[in-house]
Amino acid sequence: MTEESSEGAMDAARAALKKHFGYDGFRPGQETLVEAVLSGRDCLGVMPTGAGKSICYQIPGVVLPGLTLVVSPLVSLMGDQVRALLDAGVRGSYLNSTLTPGQQGTVMRRALAGTYDIMYVAPERLADPRFIEFASQANIPLIAIDEAHCVSQWGQDFRPAYLGIGEFIDALPKRPIVAALTATATEKVREDIVSLLGLHEPATVVTGFDRPNLHFAVEQLPSKRKLARIVAYALNHPQDSGIVYCSTRKDVEKVHETLVEAGVKAVRYHAGLSVQERTDSQQAFVLDDAPIMVATNAFGMGIDKSNVRYVIHHNMPGSLEAYYQEAGRAGRDGESSECLLLWNDSDIGTCRFFIEQEVENEALTPEERELVRASQRRLLAAMTGYCLTTRCLRGHILDYFGDESAAECGNCSNCEGSYQALDVTLQARAVMRCVQELRGRFGKSVVADVLHGSRSQRIFEFGLESSRTYGTLPDDSAARIKEIIEILASEGYLQIGEGRYPLVGLGVRAREAAVPEFSLAMKRPPERITRLKGAEGASAAFGAVGSDAPKKAKAAEGLDPMDAELFERLRALRKRIATEATVPPYVVFSDAALRAMCLARPKDEAQFLDVQGVGQKKLERYGEEFLREINA
Ligand code: ADP
Ligand code: ZN
């Protein structure tokens, strides 16, 4: 395509964006990717959940002549995704195993007749001879590969069927443009995406990892206190929709049961439930019938619910990638939302155990398995570092993902000083000396016992009471010393080894801890906050919120009372329309769009169309009712 015609194509793309989705412009990353595709270039987009990856292929799908194929692993969501497209006036379709063979035939026949602009398929479909035959006859200008990291064994969601995509593309009579999109990809995974999907010199965009509307908070809590904290949070935010992630099914059951007992309408989701139960839970959550979803990480991949106001992690996940992806399911509509991570030392232990556990994976040789483990250990160290860091949580995340575009930090519990920094430089020096003396032959607990001067049997068994560093930190508890060891390890001063009984040795930066300028701080929650949370927890245990009046919906925060009142009315209207049409409320309008309506107070159809999030189709469909409500 010439430069001029690609400019013309961008104009068409912007017009389509306004017409179908009601948006005034592309976000920076979207602009680059859409432009690349429309000028015939492959591309790789790495943007976090909520950054708006779908637009990057949906708009070209509308603008380019022919049928754009979207490969997605999320069969259960295709129906919703296509419904949202149809609602925006885009000719979408899907082809998957939920359709009968007869229906599938009809969809393919219509597609060949030019009925659709976009078709969603699962990766497995690309190996189906009937589909290959169909694809070779269709005019396919673009293949978009969603969740592209699934092609890599180094990622967390490896799907062997993704390996067939490259071959499928090669077999097509005319090679389409290939656009790969993912929310999370380390360097290694990015390389795999390019080589295994056969991208040709792709335009690559890594942006938008900053989510300014998300507030990040980390709280170290004993396991017992985590439950009370979650229940109190839920009771204090009765209007809001939230997700609670747990690392095990057992924890999901426990948290769910406790919430229900406290009178909160929560649903649950994990792989141990029947398909029916899972579908029902998901449905209830997405339709805003149940405000809270308690789930393992089996829930949420691709869940397109834009008004999730908070994500609480009951346990620390195994990587910052996983954490940020899950936490990022909050606030996809751009409204302020909370990401709260609860953790304690036993979470780290559980993650280590999972990594070292022999997992039967026939696809990997023992060497490969060890490589995978080593990479998982690195991921875990970064996650632990996030829990322990005293600097800005947002800054920590953005550094990790290599996004340098974010201007400033803030909006996190560390920046707000929710903890007291405790200088533990002396303790850290003692730990370093002790590890050096013990020559990396012992684990975290023994090191802590030696320093604390414990009189336990194993100390005497190994004759450690005569070490030079024995009893040098009598005033620090073993738990605190262990935490200092974790901080030192997360920053590379120490190294925590592998196996079921990980040994503590010196890390690559060990020498830097010996210079006079070295200092180390750790977080201590101030006493007052600790007590406050205890009180919140206690009232939660009695199923009440105490004197704390329930807050209004988080999305309505920042609106003045008049606007907030309208917001609630519009929300109710949206819910009624959504229920009648049996679609999720966000398909009608996002929270952000409702908010914009409250602020703009449109008087007529033209003004209504000017509101962000209102497209032509939505105006036709809902304009009248919403205008009536706004002007009532
Ligand atoms: P992702 O697939 O990256 O997780 P989505 O494509 O689901 O993100 O988009 C997230 C939200 O952002 C959606 O509510 C979407 O409508 C909105 N959005 C996307 N692009 C724009 C834009 N250019 N302007 C305003 N809102 C947008
Ligand atoms: Zn911060």
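**Exercise 1. Locate aspartate 288 and describe its backbone and its exposure.**

Step 1. In this predicted model, where local features need pLDDT of at least 70, side-chain atom pairs count only at pLDDT 80 or more, and totals for chains, interfaces and linings use all residues, aspartate 288 sits in the loop between helix H11 (275–286) and strand E11 (292–295); helices (H or I, at least four residues) and strands (E, at least two) are DSSP runs, numbered from the N terminus. Residues are numbered from 1 along each chain as its sequence is written, chains are lettered from A and ligands numbered from 1 in the order in which they are written, and side-chain values use heavy atoms, with hydrogens and water left out.

Step 2. The phi angle of aspartate 288 is near 65°, a positive value in a residue other than glycine.

Step 3. With a relative accessible area of 23%, aspartate 288 is partly exposed, a class that lies between buried (under 20% relative accessible area) and exposed (over 50%), using a 1.4 Å probe and protein chains only.

**Exercise 2. Describe asparagine 411 by its loop, its phi and its accessibility.**

Step 1. Asparagine 411 belongs to the loop between helix H15 (393–401) and strand E14 (420–423).

Step 2. Although asparagine 411 is not a glycine, its phi is positive, at about 55°.

Step 3. Asparagine 411 counts as partly exposed because its relative accessibility is 32%.

**Exercise 3. Which protein atoms are the donors of the zinc ion (ligand 2)?**

Step 1. Donors are N, O and S atoms within 2.8 Å of the metal (3.2 Å for Na, K and Ca), and sites may look incomplete because water is not among the atoms.

Step 2. The protein donors of the zinc ion are the SG atoms of Cys392, Cys412 and Cys415, which lie 2.2 to 2.3 Å from it, and the spacing of these donor residues in sequence is C-x19-C-x2-C.

Step 3. Cysteine 412 is buried at a relative accessible area of 0%, whereas cysteine 415 is partly exposed at 45%.

**Exercise 4. Describe the surroundings of ligand 1 and the polar atoms that approach it.**

Step 1. The shell around ligand 1 holds 15 residues, the closest being Tyr23, Gly50, Lys53, Ser54 and Arg332; a residue is near a molecule if one of its heavy atoms lies within 4 Å of it.

Step 2. By class, this shell has 5 nonpolar, 6 polar and 4 charged residues, where Ala, Val, Leu, Ile, Met, Phe, Trp, Tyr, Cys and Pro count as nonpolar, Asp, Glu, Lys and Arg as charged, and the others, Gly among them, as polar. Its largest share, 3 residues, comes from helix H3 (residues 53–63).

Step 3. An N or O atom in the side chain of tyrosine 23 is 2.5 Å from an oxygen atom of ligand 1, while nitrogen atoms of ligand 1 lie 3.2 Å from a polar side-chain atom of arginine 27 and 2.9 Å from one of glutamine 30.

Step 4. Of the 560 Å² of accessible area that ligand 1 has on its own, the protein covers 83%, with areas from the Shrake-Rupley method and a 1.4 Å probe.

**Exercise 5. Which parts of the chain do two of the salt bridges tie together?**

Step 1. Side chains of opposite charge can pair when their charged atoms come close. A salt bridge is a side-chain nitrogen of Lys or Arg within 4 Å of a carboxyl oxygen of Asp or Glu, and by this rule the count comes to 35 salt bridges.

Step 2. Aspartate 591 and arginine 309 meet in a salt bridge at 2.9 Å, N to O. Aspartate 591 lies in helix H23 (residues 591–600) and arginine 309 in strand E12 (residues 308–313), so this pair ties together parts that are 282 residues apart in sequence. Both residues are buried, and Arg309, Asp333, Arg574 and Asp591 are linked in a network of salt bridges.

Step 3. Glutamate 625 and arginine 576 also form a salt bridge, with their closest N and O atoms 3.2 Å apart. Because glutamate 625 lies in helix H25 (residues 616–630) and arginine 576 in helix H21 (residues 561–580), the pair ties together parts that are 49 residues apart in sequence. Glutamate 625 is partly exposed at 28%, and arginine 576 is partly exposed at 41%.

Notes
Polar contact = N/O pair within 3.5 Å; in protein donor to acceptor, adjacent residues only side chain to side chain.
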